[in-house]
Amino acid sequence: RDRSPAVAARHVIATLLTPLRAEAGIILIDRKSRIGFAHNSGAMQVATFDSAGIRHSWVDPFRSEKGL
């Protein structure tokens with residue numbers, strides 16, 4: 001399957017961590033340079049840097065962004 005990193009990140013959190021009542025976050029980058037992230041903890045920060053500069057995001061639990 002060619003899942004987006006955002007879909008894969010949500011899948012990992014939902015299937016591996018939530019049933020264990022573990023809190024964590026994950027950031028994935030695929031070979032197409034697509035970025036995805038998800039978490040089930042109280043808060044998570046994500047930052048990226050490209051030609052436009054730095055971009056910082058504060059992410060609510062269970063929210064995931066595709067391609068920052």
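What percentage of the 68 residues of the protein count as buried? I looked this up before anything else, and the answer is 34%. I keep in mind that this is a predicted model.

**Entry: the overall layout**

I went through the secondary structure and found one helix and four strands. Read along the sequence, they come in the order α-β-β-β-β. I then looked up the surface: the protein exposes about 4,700 Å², and 54% of that comes from carbon and sulfur atoms. I also checked how far along the sequence the contacts reach. Taking contacts between residues at least 6 apart in sequence, 34% join residues at least 24 apart.

**Entry: the start of the chain**

Serine 4 sits in the segment before helix H1, which covers residues 5-17. Is serine 4 buried or exposed? Its relative accessible area is 9%, so I noted serine 4 as buried, the cut-off for buried being under 20%. A polar atom of the serine 4 side chain is 3.2 Å from the backbone nitrogen of valine 7.

**Entry: the hairpin**

Next I followed strands S1 (residues 25-29) and S2 (residues 35-39), which run antiparallel and are joined by five bridges. I looked up two of the pairings: glycine 25 has histidine 39 as its bridge partner, and isoleucine 26 stands opposite alanine 38. The two strands form a hairpin, with five residues between them. In the turn I stopped at serine 33, as its phi is positive, at about 70°.

How many of the five residues of S2 are buried? I found that five of the five are, so S2 is largely enclosed by the rest of the structure. Ile35, Phe37 and His39 point one way from S2, while Gly36 and Ala38 point the other way. That fits a rule I wrote in the margin: in a regular strand, side chains alternate between the two faces of the sheet.

**Entry: the nonpolar core**

Which residues make up the largest nonpolar core? I listed five: Ala9, Ile13, Leu17, Ile26 and Ala38. H1 gives the largest share of this core, with three residues. I picked alanine 9 for a further look. Setting aside neighbours within four places in sequence, alanine 9 is in contact with Ile26, Leu28, Gly36, Phe37 and Ala38.

**Entry: a salt bridge**

I searched the whole structure for salt bridges and found one. The side chains of arginine 34 and aspartate 30 meet in it, at 2.6 Å from N to O. My margin note here: side chains of opposite charge can pair when their charged atoms come close. Arginine 34 has a relative accessibility of 24%, so I put it down as partly exposed; that value falls between the cut-offs of 20% for buried and 50% for exposed.

**Entry: asparagine 40**

My last stop was the loop between S2 and strand S3 (44-50), where asparagine 40 is found. Why does asparagine 40 count as buried? It does so because its relative accessibility is 11%, and buried means under 20%. I then looked up what the asparagine 40 side chain meets. One polar contact, of 3.5 Å, joins it to the side chain of threonine 18. A polar atom of the asparagine 40 side chain also lies 2.9 Å from the backbone oxygen of alanine 22. Finally, I checked asparagine 40 against arginine 21: they are 19 residues apart in sequence, and their C-alpha atoms are 9.4 Å apart in space.

Technical notes:
Residues numbered from 1 in each chain as written. Predicted model: local features only at pLDDT ≥ 70, side-chain atom pairs only at ≥ 80, totals over all residues. Heavy atoms only, no water. Pairing = 2+ DSSP bridges. Buried < 20%, exposed > 50% of the residue type's maximum accessible area, 1.4 Å probe, protein only. Contact = heavy atoms within 4.5 Å. Areas by Shrake-Rupley, 256 points an atom, 1.4 Å probe, with all protein chains shown as cover. Polar contact = N/O pair within 3.5 Å; in protein donor to acceptor, adjacent residues only side chain to side chain. Salt bridge = Lys/Arg side-chain N within 4 Å of Asp/Glu carboxyl O. Core = buried A, V, L, I, M, F, W, Y, C linked by side-chain atoms within 4.5 Å.
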